[in-house]
Each structure stands twice: as structure tokens, then as C-alpha cells.
Amino acid sequence: MKNAIIEVESKQSIDEEGIKVITPGNFYEEEGVYYAVYEETEISGMEGTMTTIKIEEDKVFLKRKGSLNSEMIFEEGKSSYVLYETPYGTLDMKITTDVINGEIKGEGGTLELDYTLEFPGQAPIRTNLKINISNKGSDIAAQI
């Protein structure tokens, strides 16, 4: 397991500004699958939540555990259904992944996901998620 700097930027069709979080975390590889693990901050609105991003060859899993609980599955051209548990209740959500671009290797890398979130009774929300992982975290953290 290596120290890493994990940068996550999310923009939704309903919010022009979006959210960008840069945080220290861990990055490692097990049997060809890459993992990035970090603790959410107050900026993301999910303080007290541990996030794990699991990156396989053609799928990305985003698992949150803590103040929010969910496991999102992103697979290009496919939909998945998720229970999104918040302190205010549980939401049913459908995720349809349009595009996954980029590459993560041993030294880190960048992924970009374009997908649509659908909640019952609400208009679909187009979302762009960018994930940048640098495993030179110990060097970068000293500069912040």
C-alpha cells in the first residue's frame, strides 16, 4: 500500500460549479485490480465516510461506508441499481454509465466517467466524475 494524493472532481447537470476534493489516501494493486482509499472531508458533504474506489479492467466500483453508505457500479453502456443510505433515509438510484475514459496503473493515473443518475420521480442528472491518483503522495503531501 502506498501513500497517494487522490483528486476527485464531480460536476452535475444541475450544478455548474461542482465539487473538487484533493485528499491524502492510499493506493494499491491486488491481482490486477487497483484500489484507492480515502476519507471524505467536510467539503464533499460526506465527512465521516470512508470511500474505496476499485478499478478493474472494464468496471469501476465506488463504495462508501460511514455517514453515507452505498456501492456504485460503473460499467460502460450498462445500468445498475443502488441503495444510497444517508442520515435522512435510503434512496433508490439508477446509474447508467455512458463513458469510462483514462487509465490507472501502478503509478496512478486518471479516470473520467460520464453517467446519468436517476431517482424515482425526479429528472435524470447527468454527471461527470474525474478521478486523478498520484502515488507520490508522501512527496506531494509535504508541499501542501
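# A tour of the predicted chain

The protein chain averages a pLDDT of 87, and 91% of the residues score at least 70; pLDDT is the predictor's confidence in each residue, from 0 to 100. This is a predicted model, in which local features need pLDDT of at least 70 and side-chain atom pairs count only at pLDDT 80 or more, while totals for chains, interfaces and linings use all residues. Residues are numbered from 1 along each chain as its sequence is written, and side-chain values use heavy atoms, with hydrogens and water left out.

**Whole chain.** Start with the cartoon view. The protein chain holds 10 strands and one helix, where helices (H or I, at least four residues) and strands (E, at least two) are DSSP runs numbered from the N terminus. Followed along the sequence, the pattern is β-β-β-β-β-β-β-β-β-β-α. The radius of gyration is 15 Å, close to the 15 Å that the globule rule gives for 144 residues, so the chain is as compact as a globular protein of that length. That radius is taken over C-alpha atoms, and the globule rule is 2.2 Å times the number of residues to the power 0.38. Along its principal axes the C-alpha trace spans about 45 × 30 × 30 Å.

**Surface.** Switch to a surface view. The accessible surface of the chain comes to about 8400 Å², and 47% of it belongs to carbon and sulfur atoms; the areas come from the Shrake-Rupley method with a 1.4 Å probe, and for residues only the protein chains shown count as cover. Of the 144 residues, 40% are buried. Buried means under 20% relative accessible area, exposed over 50%, and partly exposed in between (1.4 Å probe, protein chains only).

**Asn3.** Select Asn3, in strand E1 (residues 2-12). Asn3 is partly exposed, at a relative accessible area of 45%. Now add Asn135: the two residues are 132 apart along the chain, yet their C-alpha atoms are separated by 5.9 Å.

**Glu31.** Go next to the loop between strand E2 (15-30) and strand E3 (33-39), where Glu31 lies. Phi of Glu31 is near 50°, a positive value in a residue other than glycine. Its relative accessible area of 82% makes Glu31 exposed.

**Ile73.** Move to strand E6 (residues 70-74), which contains Ile73. Ile73 counts as partly exposed, with 32% relative accessibility. Show its contacts, a contact being heavy atoms within 4.5 Å. Beyond its neighbours within four places in sequence, Ile73 touches Val60, Phe61, Ser80, Ile95 and Thr97. Pro24 makes a useful distance check: Ile73 and Pro24 are 49 residues apart in sequence and 23 Å apart in space, C-alpha to C-alpha.

**Gly108.** Select Gly108 in strand E9 (residues 108-118). Gly108 is buried, with a relative accessible area of 4%. Setting aside neighbours within four places in sequence, its contacts are Phe27, Glu103 and Ile133. From Gly108 to Ser10 the separation is 98 residues in sequence and 19 Å in space, C-alpha to C-alpha.

**Thr127.** Continue to strand E10 (residues 125-134), the place of Thr127. Thr127 is buried, at 3% relative accessibility. Apart from neighbours within four places in sequence, Thr127 is in contact with Ser10, Lys11 and Gln12, and also with Leu113, Asp114, Tyr115 and Leu117.

**The chain end.** Finish at residues 137-144, where pLDDT stays under 50 and the model has eight contacts beyond four places in sequence. Where pLDDT is low, the predicted coordinates should not be read in detail.

**Contacts over the chain.** Return to the full view. Among contacts between residues at least 6 apart in sequence, 30% join residues at least 24 apart.
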